[in-house]
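Reader: I have a model open on my screen and I'd like to learn how to read it. Could you walk me through it, feature by feature?

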Amino acid sequence: MKIKLLTATIMTAMALPITAHGEYSASDEITVLQGFKAGGGSDALAQLAQPYLSDILDVDFVNEYIPGATGGIAWTRLAKQSPNDGTVISITNTPMLMTNYIINEEMQYNVDELTPIANVITDPGVIVVGEDSPYDTVEDLFEAAEESPGTVTIGNSGVGGDDYFSTIMVERASGLKFEKVPFEGDGPSATAAMGGKIDASFNNVGIVYSQIQSGDLKPLAVLAEERLDMLPDVPTLKEKDIDVVAGSSRGYSAPADIPDEARQDLIEAFEELAEHEEFLQKAEDSAFNIDIVTGEDYEQMITDMESEYQDIWEEVEDDA
Amino acid sequence: MDLALILGGLTNVLSLTNISLVLLGTLLGLFVGAMPGLSATMALALLLPLTFTLEPATGLSMLAALYVGASYAGSIAAILLRTPGTPAAAATVMDGYPLSEQGQAGKALGISLFSSFFGGLMSGVALLTAAPLLGVMVLEFGPVELFAIAVLGMTIIGSLSQGSVVPGLLSGGLGLLVSTVGMDTTTGTPRMAFGNINLFSGIDFTVALIGLFSVPQALLLIEKTGSPSKVASAIKDRLVPKVSELKRLMPNILRSGCIGIATGLIPGTGGDTASWFAYNEAKRFSKDKASFGKGNIAGVAAPEAANNAVVGGALIPTIALGIPGSSSTAILLGALMVQGILPGPNLLTDHGEITFTLIWAVILANFALLVVGLMFTKLCVGVTRIPDGFVACAIITLCIIGSFAINNSFFDVGLMLAFGAFGYWMVKADISPAPMVIGLILGPVMEKSYKQSMLIGQDSFWVFLESPIATVLLLIALLSFLQATPFFRWIKSLFKMIRTQ
């Protein structure tokens, strides 16, 4: 009786998205593999985008959470064990998708075994310090690092994450040396900066935006091509002659060799999403930085990142 | 704080639909919490999309009620079956199950329910009155302080091992050893994973816990079938505890509630840690230490008050800073985002009405817990009337479903069974699994925070003494450690000798 009730609960919960039938050529149901726990960042993307995609494509989305190995288990499943008929896709977080196997040789998949469909969100990197920090500008921070190399502590979301690599990229571009302190995720790294436990945190704008708004964190620089509309007063690192642009992106990919028609349907759906007013408004309200890049462009974005991070890792591997 | 916002939140909560959904949420929470392996986090994630269509106040109230319900219900199976329904209820097994064996399951469950209620209520009130104040305190806890907390927690192994020092330390050491499996956070490389991708992020603590407690219990029940059952077939004692008894337990419940709030507050520690801390302190302050582990009612009240107080505690950083204190509160934050609220330090001001709705919902949910919990628990007690053999099969089935559901992974089911076999051996060898559980919980916290502290402190141990909080915590740890060794007794007798002379 209890077990029946349990399965019933799970079934109803899984069948939640609005029922509809038809336009997507491959199937009327798409399984989305998620490499992280429910309630995390990629789940937030799923909850944001999938209701609209479901309308556009006339399909049901079924989220399957397979956390572990920083997404590696889900992506290995996508690359190696999922049917390539367009019924299974996965949320792919870059650069994590590539750094996973760049860092660990034991990780079996690589991006050649995937069909990138579309990137949806890019959360630009940002350097933040606590409100009581003596550093008011990025120059202050870098000067301190220059005076005593390796003593300025910089938090990141974990080895292999985008913030870890962007710290190294800044080190390479500026010739400075920081003490990199890995945390378990962006949140703890931001909290440590807020409490003055570390000198600065390399973080992401979407994560710390409201703490910046309230003044609990001071933003020193963003790691974007141009200044952000959300933070117009914060300079980019590029303005400071440090050519580092980095962030954490989330999109969707399918297994390799899915039918062309299915791939085309999916890509068109994301292109429609990019124009969807209601979706864009909702994303803006939640401080998501929409960056829809589809098809071959997304593929290019991934391969570019792969070679860039590969280079960096080869260089720093030994002293990591 | 704005009184209008507070009252606005209260009126939002006290509508008829709202109250009925709170009751439903509590019931769902009780069900999920009672099942080993099914966690509040999981149920919240499943329920979240359902709340999109509801009014913000209603949706949040329902989610909060589920969270509160699940935090209590873990103790039901812990007391009746020696299988903790949630990791936070592992400490409840220590005295809850012996009580059940003595035919006092009703009493234990009643005390557990009322302690949960008081613990939850305390944390709700703390949330309502002191959230901004306590929120600032969260920032004082960095890696250095977290390390000191983990060290303090480790001393619980000492007090749990009293009387059987070597098996206790062995069990604790094994827990620490197992906790080293998985990614090394400072190098990003997997350790002791044997190239198996399923082990890269370590062994899920809940998987190990289910195996260690539940499987051996099922096997023991099967062994016992045929022989007259020790568990009283009907609950003769009443569920609602006597007022005098509650009064006697009150200092314990209050202390445990405070421990729960504080532990929930600190990022990186939660209900699983809080319940052991509270259990340990209850034992330390008790005059009758020897009866702990053999069915002392205080050993049920303490962890249960603590793990429900964690709910409010974990919500404090969530509300005051916009930083979730646990994975469950992360989902509650997600629920706020769906309502178009960007969570941050402005939750109490700009979005005050909805935030106070959430806070009132937590308080209301505790009352709902008392009502629904009494009925639900009465039903659950029926389990003791079922023949042992059937119960054993049901436990094994639930273990398999539960361990699969955590990460949707069959590998975890195998891992759970392996821990089960090991746990069975531990029972036969008379080694308590409790110290191992402590090692498993605190091992990763201690290792990560130690490494971070070393990076922050430029490889100098002084970093721990530069922080007043860490220094005090480490001193308490040292005292606790000495208390568990003959050295302390020696000093004590020395004092006595001096006094008598």
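Author: We'll go through the interface, a pocket, one loop glycine, the salt bridges and two backbone oddities. Keep in mind that this is a predicted model.

Reader: Okay, let's start where the chains meet. How many residues of chain B are in contact with chain A?

Author: On the B side there are 46, and they touch 52 residues of chain A. The size of an interface is often given as the accessible area lost when the parts come together. For chain B and chain A that area is about 4200 Å², and carbon and sulfur atoms give 67% of it.

Reader: And how many salt bridges does the rule find across the interface of chain B and chain A?

Author: Side chains of opposite charge can pair when their charged atoms come close. Across this interface the rule finds 2 salt bridges. B:Lys448 forms a salt bridge with A:Glu184, with the closest N and O atoms 3.0 Å apart. There are also 9 residue pairs in polar contact between the two chains, counting pairs with both residues at pLDDT 80 or more.

Reader: Which elements give two or more residues to the side of chain B that touches chain A?

Author: Look for five helices of chain B: H3 (40-51), H7 (143-160), H13 (327-338), H15 (388-407) and H17 (434-456). By class, that side of chain B has 26 nonpolar, 16 polar and 4 charged residues.

Reader: Next, pockets. How do I read the second largest one?

Author: Start with volume, then go to the lining. The second largest pocket holds about 770 Å³ of space. It is lined by 30 residues, and the closest to its centre are B:Met94, B:Gly293, B:Asp430, B:Ser432 and B:Pro433.

Reader: Which helix gives the most to that lining?

Author: H5 of chain B does, with 5 residues. Helices that each supply at least two residues include H8 (165-179), H9 (205-224) and H17 of chain B. By class, the lining has 17 nonpolar, 7 polar and 6 charged residues.

Reader: I also clicked on B:Gly295. Where is its place?

Author: B:Gly295 is in the loop between H11 and H12 (298-321) of chain B. Leaving out residues up to four places away in sequence, B:Gly295 touches B:Asp95, B:Pro98, B:Leu99 and B:Gln102. For a sense of scale, its C-alpha is 13 Å from that of B:Tyr279, 16 residues away along the chain.

Reader: Back to salt bridges. How many does the rule count over all chains?

Author: The count is 20 over all chains. One pair to find is A:Lys218 with A:Asp136, at 2.7 Å from N to O. This pair links distant parts of the chain, 82 residues apart: A:Lys218 is in strand S8 (residues 217-222), and A:Asp136 is in the loop between S4 (114-130) and H5 (138-147) of chain A.

Reader: Last stop, the backbone. What should I look at?

Author: Check the omega and phi angles. A:Thr94 and A:Pro95 are joined by a cis peptide bond, with omega about 5°. A:Pro95 sits in the loop between strand S3 (88-94) and helix H4 (96-103) of chain A. Then there's A:Ala287, which has a positive phi of about 60° although it is not a glycine. Find A:Ala287 in the loop between helix H10 (277-285) and strand S10 (290-294) of chain A.

Terms used
Residues numbered from 1 in each chain as written. Chains lettered and ligands numbered in written order. Predicted model: local features only at pLDDT ≥ 70, side-chain atom pairs only at ≥ 80, totals over all residues. Heavy atoms only, no water. Contact = heavy atoms within 4.5 Å. Buried area = accessible area lost by both parts, 1.4 Å probe. Salt bridge = Lys/Arg side-chain N within 4 Å of Asp/Glu carboxyl O. Polar contact = N/O pair within 3.5 Å; in protein donor to acceptor, adjacent residues only side chain to side chain. Helix = DSSP H or I, 4+ residues; strand = E, 2+ residues; numbered from the N terminus. Nonpolar A, V, L, I, M, F, W, Y, C, P; charged D, E, K, R; others polar. 1 Å grid on protein atoms, 1.4 Å probe; cavity = no way out; pocket = protein on both sides within 12 Å on 5 of 7 lines; lining within 4 Å. Points joined across faces, edges and corners; volume = space filled by probe spheres on them.
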